[in-house]
Amino acid sequence: MSNNIIKTIQESIAVKQAICEDANLINTIQQVANVITSSLQQGHKILFCGNGGSAADAQHLAAEFSGRFYKDRTPLYAEALHCNTSYLTAVGNDYGYDQVYARILRGIGQAGDVLVGISTSGNSANILEAYKVAKSKGMIVISMTGHSGGKMKDGSDYLLNMPSSDTPRIQESHITVGHIICEIVENNLFP
């Protein structure tokens with residue numbers, strides 16, 4: 001049993017090592033941090049969406065921005081779009097689950113806002129629908145996916161595709177990269 005534990009930890013380390021060795025991905029992480037910094041400086045919002053474990057990651061990362069990360073500082077406008085269950089279930093029932101994120105973006109999305117879609121497969125239909133609305137409104141679209149990027153790759157301004165096809169390893173890396181971005185943004189805005 002302890003061999004399985006060690007093997008899983010080593011697999012997680014290997015994905016993070018692959019990130020370290022991918023100069024393009026490292027550069028994109030820095031670019032995303034700069035884009036989010038600029039958007040927040042201009043009074044815009046950072047909006048997150050995902051499904052299942054990726055919804056939990058969206059909520060986690062939104063909280064790091066809106067609450068605090070390392071520094072006791074002014075809250076930043078970041079929100080996970082799935083947190084209102086009455087809205088989510090009503091729109092899912094009345095319009096279809098693929099519309100839950102697109103519909104709310106029609107109401108609150110503005111040019112210059114950032115939408116971060118999180119999906120291990122990169123193929124989440126409701127996120128793809130949200131991207132259409134985000135693009136029509138002039139929002140910046142960032143995707144956090146697995147290795148292939150899936151269908152979300154084509155709708156992204158910035159693609160953070162973790163070098164793995166294993167869902168738990170991708171999710172672990174999403175949080176690691178999200179924390180790095182939050183730390184950079186926090187240091188940019190609150191030196």
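This passage describes annotated sites, a surface patch and the cysteines of a predicted model.

Two sets of positions carry the UniProt label "binding site", each from an unreviewed entry. One set covers His60, Glu64, Gln171 and His179. Within this set, histidine 60 sits in helix H3, which spans residues 53-66. With a relative accessibility of 30%, histidine 60 falls in the partly exposed class, because that class lies between the cut-offs of 20% and 50%. Once residues up to four places away in sequence are set aside, histidine 60 touches Ile175 and His179, and His179 is itself covered by the annotation.

The other annotation takes in Asn51, Gly52, Gly53, Glu64, Asn93, Asp94, Ser119, Thr120, Ser121, Ser124 and Gln171. These positions are spread over 121 residues of sequence, and they are spread in space as well, with up to 32.2 Å between C-alpha atoms. Glu64 and Gln171 appear in both annotations.

Glutamine 171 belongs to helix H7 (residues 167-189) and is partly exposed, at a relative accessible area of 23%. Neighbours within four places in sequence aside, glutamine 171 is in contact with Gly53, Ser54, Asp57 and Thr120. Of these partners, Gly53 and Thr120 are also listed in the second annotation.

Two further positions of that annotation can be placed in the fold. Asparagine 93 is part of helix H4 (residues 85-95); its relative accessible area of 65% makes it exposed. Serine 121, by contrast, is found in the loop that joins strand S3 (114-118) to helix H6 (125-137), and is partly exposed at 38%. Beyond its neighbours within four places in sequence, serine 121 is in contact with Ser148, Gly149 and Gly150.

Turning to the surface, a nonpolar patch is formed by Met1, Ile5, Ile9 and Ile13, which together have about 470 Å² of accessible area. Methionine 1 comes in the segment before helix H1 (2-20), and its relative accessible area of 77% places it in the exposed class.

Finally, the cysteines: a search of the whole structure returns 0 disulfides. Cysteine 83 takes part in none, since its nearest cysteine sulfur, in cysteine 49, is 12 Å away and a disulfide calls for sulfur atoms within 2.5 Å. Cysteine 83 is partly exposed, with 43% relative accessibility. For cysteine 182, the closest cysteine sulfur is that of cysteine 83, at 16 Å, so the pair is too far apart for a bond. Cysteine 182 is buried, its relative accessible area being 1%.

Conventions: Residues are numbered from 1 along each chain as its sequence is written. This is a predicted model: local features need pLDDT of at least 70, side-chain atom pairs count only at pLDDT 80 or more; totals for chains, interfaces and linings use all residues. Side-chain values use heavy atoms; hydrogens and water are left out. UniProt positions are given in the numbering used here, feature names are shortened, and annotations may be inferred rather than shown by experiment. Helices (H or I, at least four residues) and strands (E, at least two) are DSSP runs, numbered from the N terminus. Buried means under 20% relative accessible area, exposed over 50%, partly exposed in between (1.4 Å probe, protein chains only). Contact means heavy atoms within 4.5 Å. Patches are made of residues with over 30% relative accessible area and no salt bridge: like charges are joined within 9 Å, nonpolar side chains (Val, Leu, Ile, Met, Phe, Trp, Tyr) within 5 Å. Accessible areas come from the Shrake-Rupley method with a 1.4 Å probe; for residues, only the protein chains shown count as cover. A salt bridge is a side-chain nitrogen of Lys or Arg within 4 Å of a carboxyl oxygen of Asp or Glu.
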